[in-house]
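Here are my notes on the model you sent, set out as numbered points so that each can be checked against the coordinates in turn.

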Amino acid sequence: MAKEIIELIVNGDRYEVAVEPWRTLAEVLREDLNLTGTKIGCNQGDCGACTVLMEGRSVSSCLTLAAEAHQREIVTIEGLAQGPEDLHPLQEAFVEHGAVQCGYCTPGMILSAKHLLDHNPTPSEQEIRQGLSGNLCRCTGYSKIVEAIGAAAAKMAPAGEGE
Amino acid sequence: MLLPRFEYHQPASLDEAVEVLGQYAGEAAVLAGGTDLLVNMKHQAMAPSHLVSLAGVEGLDQASADGGRVTVGPLMSAAVLAQSEFIAANAGALALGAAVLGSPQVRTRATVGGNVCNARPAADMSVPLLALGARAVLTGPDGQRQVDLEEFFVGPGQTVRAPGELLSALEMDAPAPGTGWGYQKLGLRKALEISLVNVAAALSLEDDGKTIKAARVALGAVAPTPILAPGAAEVLVGQAAGGDVFKAAGQKAAADAKPIDDHRGSAWYRREMVAVLTARALNQAWARAQGQ
Amino acid sequence: MNHNPKIIGASIPRLDGKDKVTGRALYTDDLKFPGMLYGALHRSRLPHARIKKVDTSAAKKIKGVKDVVTGADTPQIKYGNWRLVPGSQDELPLAVDKVRFIGDEIAAVCAVDRETAIKAAEAIEVEYEELPAIYSVEEATAEGAPLLHDESPGNVSLTREISYGDLEGLLAQADYVREDFFKVHAVSHAYLEPCSSIAVPEEGGRVTLYTSTQTPYIVQCLLASTLDIPENHVRVVKTQVGGGFGGKMEMRPWEFAAAFMALRTGRPVKFTLTRSDELAFGRRRHPMSIRSKVGFTKDGKLLAKDFEVMLDGGAYNAMGPTATFLCGTFGNMLYNFQAYRYRGRHVYTNKPPASAMRGFGAPQAAFAQESQMNMAAEELGIDPIDLRLINAMETGDVIPDVATISSCGFKESLEKVRQVSGWDAKRKEKKPGVGLGIGCFSFISGGVFNWFNTKYNFAAAEVTVYPDGTAQLNTMACDIGQGPDTVLRQILAAELGIGIEKIRLVSMDTALTPKADLGTWGSRVTLMNGNAIIDAAKKIKDMLKPVLFDHLDLNQIHEIAFEDDRVLVKANPKKSMSFGECVYHALRGRRGEPLTARGYYTPRDKGLVSPAFSFGAQVAEVAVDQDTGLVTVTNTYTAHDCGVAINKMAVEGQLEGAIQMGLGYTLSEAFVMEQGRTLNTSFLDYKMPAAEDMPPSTYVEVETYEPEGPFGAKEAGEGLAIPTAPAIADAVYQATGFRALELPITPEKVLKGIGRLK
């Protein structure tokens with residue numbers, strides 16, 4: 001079957017890409033758009049390394065067809081920072097709190113955290129852990145990740161809210 | 001881990017979807033959330049030459065109540081079901097199951113229709129739906145038909161849905177007053193689990209708030225399909241709700257289970273766990289039934 | 001102990017953090033090169049078979065296929081990490097005569113895209129003569145068992161024996177003797193980044209390999225030998241590595257295949273494994289069958305120990321010989337006793353090879369040793385912590401033929417963990433379903449025994465300083481996530497007295513960084529590379545000091561210090577100049593020669609095993625669901641002597657990660673195997689703990705100063721992977737009365753154990 005032209009809105013930028021229908025969003029982001037921050041850890045939806053936001057909700061981009069993302073708003077890890085030194089509060093907190101070791105799960109972790117905070121700006125520790133339950137990490141034991149998200153939430157919360 | 005090749009169709013209406021499915025009957029698979037289908041395709045467990053995406057079909061992602069009947073749209077995602085107050089009030093077991101399915105990313109995409117049609121023995125939404133007495137509404141070229149969910153499942157991955165048919169709705173009776181639900185799932189992890197055993201229970205009390213008027217207990221991962229435990233329901237009805245009768249129901253449910261040994265667990269352990277989880281699910285249902 | 005507390009011991013966020021949180025960090029699979037081809041492997045479908053014929057004709061005909069190679073096309077040179085013992089090198093990159101496990105690599109292809117490559121690999125037809133296969137050490141060592149390797153009768157590839165003291169006499173003399181049998185299972189490293197390698201051909205038959213590895217130098221050497229080209233023809237460049245844990249410390253067949261086909265086709269070739277490949281065919285931790293017999297006096301003094309281990313090595317040696325060797329060492333760590341006998345055998349079976357994994361034999365040996373200590377304590381009527389205190393090693397203790405313990409905070413660790421866990425009160429208070437247990441550990445800070453037979457120093461560093469006040473550190477040390485890219489810069493910054501941000505790091509390129517570093521394993525990186533860096537920095541300082549004497553006309557009795565980007569007179573800090581200015585003046589006298597120095601470290605006269613040992617103790621608290629057998633770890637408390645922690649946050653990170661791995665090892669992770677086939681090849685079925693499964697963790701530092709370590713530091717990466725299993729097992733016993741002698745402790749076993757089920 002021939003390729004079809006699809007339109008992706010990734011981190012606010014419009015891309016027109018010709019894709020075969022069997023290609024996943026993860027593959028197209030990494031290979032066609034060169035947005036390699038999205039990682040593939042298992043390619044079957046179990047590890048969360050490929051997590052991106054689609055229409056504001058976290059999805060496994062390895063289990064999403066690129067065709068299904070046609071005309072949808074996608075946010076990848078490359079879309080969070082305002083500039084090379086102007087990091088998103090979650091990114092900043094991950095660095096400061098030692099939530100990063102090998103870094104392979106990190107982009108997916110941060111996007112799952114963003115999904116969580118977008119829907120629940122003041123999560124409890126338990127809610128943070130639940131929010132990360134689709135993201136596996138083998139280095140950190142999750143503690144510093146949980147800490148970092150808590151700290152970012154506190155920083156992002158409007159005055160008077162949060163912990 | 002590449003997907004096999006296929007042609008992609010995105011019909012814009014239910015009729016069109018049925019038409020496309022009919023055209024490629026036998027070679028087409030329906031794509032809803034894809035969290036199960038695409039994994040199977042990557043593992044080469046299936047290789048349909050056509051995928052019919054339902055993303056363009058409107059109206060399949062709503063729930064409603066009408067004249068004693070509750071309808072759940074098959075494209076409702078687990079995430080939406082888990083958070084819906086309507087579902088919590090009218091089909092609470094489904095909300096409980098949806099909330100613990102997979103992971104947040106999976107719940108964003110996974111749909112209740114997909115969960116039912118994939119017919120996995122441990123499916124987190126199918127087992128609750130069975131306890132809710134749900135019926136599958138199938139739409140095909142010759143119109144609609146309804147199938148009780150207990151007759152819908154045939155075997156692992158197999159249902160009575162004909163290749164040209166679509167699951168267009170799930171329906172069930174509105175809950176009687178004094179009804180509560182429970183859902184118990186056993187796995188080694190708190191998330192990212194295919195249950196070793198899962199049990200859903202629905203319990204309705206008489207006006208006295210004690211006597212059990214109706215009960216349904218559904219079991220997952222202990223037979224080729226999600227199954228009902230009629231023996232459990234039998235010992236419950238007419239009895240005063242409480243720990244002892246729930247334990248007895250658990251024993252009956254264990255007798256109704258037909259578990260096998262597999263790499264996720266042994267048959268005898270599963271059977272034991274059916275007894276434990278059934279009693280716990282009934283307790284949970286009872287608490288909720290009283291709370292209403 | 002004179003060091004800058006702003007740098008040494010500080011919690012400095014890792015310097016590659018920003019790259020990793022923004023997605024800029026590049027891992028091997030993120031790279032692509034013009035003209036790059038994609039590789040795929042054809043693997044054995046049988047656990048044990050003779051290869052009669054490999055037919056590649058159909059694969060070669062597929063459009064887009066650029067090369068297909070089988071073992072017959074290759075130089076057929078065996079390899080293995082134990083170069084010191086050539087007979088132990090038992091693996092071929094692509095099988096020639098036989099296959100020995102399901103997944104053994106037989107052929108490789110490369111094509112213009114991944115889909116074509118996979119199709120071509122599948123189109124290869126292999127004609128086998130199936131041989132009987134064996135799956136356990138018991139079967140493998142039974143009389144008349146089929147042989148995997150003709151050179152290894154009885155399927156035992158290596159035996160290590162240690163013996164000292166009067167074992168029989170002391171056991172006969174002992175008031176209390178017990179003998180127990182333990183069984184531990186295989187688990188996966190489960191690093192998040194699947195292995196990936198790209199080989200790029202260069203002029204003159206040379207090749208550059210970008211690869212996800214924790215031992216680039218080993219890969220360079222073994223790739224050269226298997227390709228039969230000079231070592232200097234191979235350049236290995238490590239990219240960011242998404243975890244290793246011992247699973248990426250050998251040359252792998254796809255690295256060979258990528259390089260071999262890149263040289264044949266003249267085009268870059270990439271291989272990336274899938275998670276299913278990793279779990280189905282990948283390296284894993286050794287399953288072991290362990291027998292341990294110990295004798296005590298009635299007041300708890302450990303007299304003697306007889307320790308016997310059979311390691312299930314799978315189809316090849318891999319890092320099994322080292323694990324066999326180290327098990328013997330770990331069997332007599334922690335406690336002093338007069339007589340010890342160890343017999344370790346490495347046994348072949350028709351399963352994917354086991355190899356190094358975090359702890360390298362110690363988690364297995366310690367599960368036996370520490371469980372047995374807990375069992376003995378109960379029968380002796382002595383508190384388990386007291387029993388350990390009676391026998392604990394101390395600074396200055398000697399392990400015969402192995403090492404002198406130059407720093408040891410074991411007793412302090414026991415006291416501290418007793419205190420923070422509320423041990424005394426909680427152990428007295430018996431609540432059904434709730435329990436508290438203990439496990440202890442010690443681990444090496446790098447290995448001494450040169451099994452790789454390198455002719456170079458074990459660690460090396462090249463430091464260059466510039467008149468703008470900056471420095472460059474070239475090191476082969478390998479950051480696979482644990483943090484040496486940051487920690488080693490802390491060490492250099494502290495030694496040179498400059499800011500850490502002033503240091504550019506060039507790491508892990510075998511063509512550019514000084515020979516050698518043996519890689520990231522055995523918790524060796526901080527100690528060995530730290531020492532090499534300090535050595536280089538001292539040489540730099542010696543080149544800079546004369547500048548100050550010259551310019552300030554100093555009396556020769558003065559000592560010079562390097563602090564806060566300045567070089568100064570220690571007794572009169574006002575007399576100083578900036579570090580950059582000092583370099584500028586030093587350079588002027590060198591007729592154009594840059595200010596560069598190399599430093600080295602090789603442990604010498606430090607026994608056979610390691611220059612330094614970490615120590616510690618961990619207490620785990622559990623709640624057991626008595627109806628389902630499900631164990632929930634509700635708390636962990638750890639006291640840990642890693643010497644001086646160079647980076648506190650990094651050490652904590654090691655601890656917290658180790659608990660995740662230890663928890664999985666103990667309770668939920670296992671390979672499900674049937675006839676040599678791994679059945680659970682996804683993260684859904686291979687159950688490593690997720691965020692909600694982790695218990696809270698309390699951490700107490702026990703600071704000692706290790707004289708052999710840089711700024712007093714020793715290892716922190718692997719020892720922590722050891723204590724969790726015996727601690728949880730003990731806690732489960734306290735909670736239920738069921739003592740697990742086998743791992744993992746599944747709910748089924750617990751229920752069975754407490755007699756709920758038949």
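**Notes on strands, helices and the contact between chains**

1. In chain C, strand S2 (residues 49–55) and strand S6 (residues 125–130) pair in the antiparallel sense, and the pairing runs over six bridges. Within this pairing, C:Ala49 stands opposite C:Glu130 in S6(C). Please keep in mind throughout that this is a predicted model.

2. S2(C) has a further partner to look at, since two bridges join S2(C) to strand S4 (residues 98–99) of chain C, and these strands also run antiparallel. For orientation, the bridge partner of C:Arg50 in S4(C) is C:Lys98. As a reminder of what such pairing involves, strands of a sheet pair through backbone hydrogen bonds, either parallel or antiparallel.

3. Chain B offers a parallel example, namely an open sheet of three strands in the order S1-S3-S2. Its edge strands are S1 (7–9) and S2 (28–31) of chain B, each of which pairs on one side only. S1(B) and strand S3 (residues 50–53) of chain B pair in the parallel sense over three bridges, and B:Tyr8 stands opposite B:Leu51 in S3(B). Neighbouring strands of this sheet are turned against each other by 25 degrees on average, direction ignored.

4. For chain B as a whole, the domain assignment gives domain 1 (7–53), domain 2 (63–173) and domain 3 (179–291). Taken over C-alpha atoms, the centres of domain 1 of chain B and domain 3 of chain B are separated by 34 Å.

5. Turning to the helices of chain C, how do H14(C) and H15(C) lie relative to each other, roughly parallel or roughly perpendicular? The axes of helix H14 (residues 484–496) and helix H15 (residues 525–552) of chain C come within 9 Å and cross at roughly 30 degrees. Because angles under 35 degrees count as roughly parallel, H14(C) and H15(C) are therefore roughly parallel to each other. H14(C) passes H15(C) in a right-handed crossing.

6. The residues that meet at this crossing include C:Val487, C:Leu488, C:Ile491 and C:Leu492 in H14(C), and C:Ile533, C:Ile534, C:Ala537 and C:Ile540 in H15(C). By class, the contact of H14(C) with H15(C) has eleven nonpolar, three polar and one charged residues.

7. A second helix pair in chain C deserves a look, with the axes of helix H9 (residues 320–330) and helix H10 (residues 362–380) coming within 9 Å and crossing at roughly 35 degrees. H9(C) passes H10(C) in a right-handed crossing. Here C:Leu326, C:Cys327 and C:Phe330 in H9(C) meet C:Ala362, C:Gln364, C:Ala365 and C:Ala366 in H10(C), and by class this contact has six nonpolar, one polar and no charged residues.

8. Finally, how many residues does each of chain A and chain C bring to their contact? The contact takes 42 residues from chain A and 39 residues from chain C. On the side of chain A that touches chain C, helix H2 (89–96), helix H3 (106–119), helix H4 (125–131) and helix H5 (143–156) of chain A each supply at least two residues, and H2(A) gives the most, with four residues. By class, the side of chain A that touches chain C has 20 nonpolar, 16 polar and six charged residues.

Note on methods:
Residues numbered from 1 in each chain as written. Chains lettered and ligands numbered in written order. Predicted model: local features only at pLDDT ≥ 70, side-chain atom pairs only at ≥ 80, totals over all residues. Domains from an automatic or database assignment. Contact = placed C-beta atoms within 7 Å. Nonpolar A, V, L, I, M, F, W, Y, C, P; charged D, E, K, R; others polar. Axes fitted to C-alpha atoms, helices over the stretch in contact; angles between N-to-C directions. Parallel < 35°, antiparallel > 145°, perpendicular 65-115°, else oblique. Left-handed = near helix turned anticlockwise from the far one by under 90°. Pairing = 2+ DSSP bridges.
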